[in-house]
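I opened a new page for this structure today. These are my notes on what I looked up.

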Amino acid sequence: MNDTNHFEDIVEKFTNAVESNDGEALAALFTEDGVYSDGFYGEFAGRKAIATMLRDHFWGHAEGFHWAMSNLLSNGEQGYAKYLFSYDSTLPDALGKHVVFDGIAHFLFKEGLIERYEEIFNTGMAQAQLDFDPIRIKKHLLKRAEQLKSGET
């Protein structure tokens with residue numbers, strides 16, 4: 001199997017696992033100590049933490065996920081994809097709000113498994129669609145700006 005086909009297979013399994021709340025399937029795509037770095041929730045290291053993140057954070061706060069990745073590019077060591085992500089909030093203060101945003105996904109691989117997943121997207125856009133208080137959005141974006149300034153990703 002070439003790098004492109006392997007990457008397409010991983011991405012399909014990755015998005016299907018998220019959309020169906022299958023934390024074990026998602027975690028199995030990662031190395032034992034793999035890291036999922038989420039734009040909202042932070043970093044989760046290890047398969048157990050990744051499975052729990054999907055159940056408690058993603059599906060604990062939303063439902064109806066749809067994740068479409070396109071423009072896939074990989075050299076076998078790393079891969080990139082453009083994506084469109086959507087969900088319906090189950091948060092009490094944003095119940096039923098439909099959120100859509102786009103972003104870029106970056107995968108690092110080790111021996112055919114994901115060693116690290118990270119993403120770039122506009123978290124403020126998502127929070128605005130949830131009708132979060134503007135001060136809450138500003139605090140979040142300023143915190144993210146400080147992380148960037150300090151060299152954190």
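The entries below take a pocket, a helix, an aromatic pair and one more residue in turn.

**Entry 1, the model.** I noted at the outset that this is a predicted model.

**Entry 2, the second largest pocket.** I began with general background: rolling a probe the size of a water molecule over the atoms shows where empty space is left. I then looked up the second largest pocket and found about 340 Å³ of space in it. Its lining is made up of 22 residues. Nearest the centre of this pocket I listed Phe 40, Tyr 41, His 61, Tyr 87 and Leu 130.

Which element gives the most to the lining of the second largest pocket? I found that β4 does, with four residues. The elements that each supply at least two residues are β1 (30-38), α3 (47-61), β3 (62-74), β4 (78-89), β6 (113-121) and α5 (134-149). By residue type, I recorded 15 nonpolar, four polar and three charged residues in the lining.

**Entry 3, helix α5.** Since α5 supplies at least two residues of that lining, I went to this helix next. I read off 16 residues for α5 and a reach of 22 Å from the first C-alpha to the last. That is close to the 22 Å expected at 1.5 Å a residue. As a reminder to myself, an α-helix has 3.6 residues a turn, so residues three or four places apart point the same way.

I checked both ends. At the start of α5, the backbone nitrogen of Ile 135 has a side-chain oxygen of Asp 133 within 2.7 Å. After α5 comes Gly 151, and I noted a positive phi for Gly 151, near 95 degrees.

**Entry 4, aromatic pairs.** I searched the whole structure for aromatic pairs and got 27. The pair I wrote out is Tyr 41 with Phe 58: the ring centres are 6.1 Å apart and the planes are at 45 degrees, so I entered the pair as tilted. The two residues are 17 residues apart and link distant parts of the chain. Tyr 41 is in the loop between β1 and β2 (42-45), while Phe 58 is in helix α3.

Are Tyr 41 and Phe 58 buried or exposed? I put Tyr 41 down as partly exposed, because its relative accessibility is 30%. Phe 58 has 6% relative accessibility, so I put Phe 58 down as buried.

**Entry 5, Phe 109.** Last, I located Phe 109 in strand β5 (residues 98-110). Phe 109 counts as buried because its relative accessibility is 10%, and the cut-off is under 20%. I also looked up Thr 31, which is 78 residues from Phe 109 along the chain. The C-alpha atoms of Phe 109 and Thr 31 are separated by 8.6 Å.

Notes:
Residues numbered from 1 in each chain as written. Predicted model: local features only at pLDDT ≥ 70, side-chain atom pairs only at ≥ 80, totals over all residues. Heavy atoms only, no water. 1 Å grid on protein atoms, 1.4 Å probe; cavity = no way out; pocket = protein on both sides within 12 Å on 5 of 7 lines; lining within 4 Å. Points joined across faces, edges and corners; volume = space filled by probe spheres on them. Nonpolar A, V, L, I, M, F, W, Y, C, P; charged D, E, K, R; others polar. Expected span 1.5 Å × (residues − 1). Polar contact = N/O pair within 3.5 Å; in protein donor to acceptor, adjacent residues only side chain to side chain. Phe/Tyr/Trp six-rings, centres within 6.5 Å; stacked < 30°, edge-to-face > 60°. Buried < 20%, exposed > 50% of the residue type's maximum accessible area, 1.4 Å probe, protein only.
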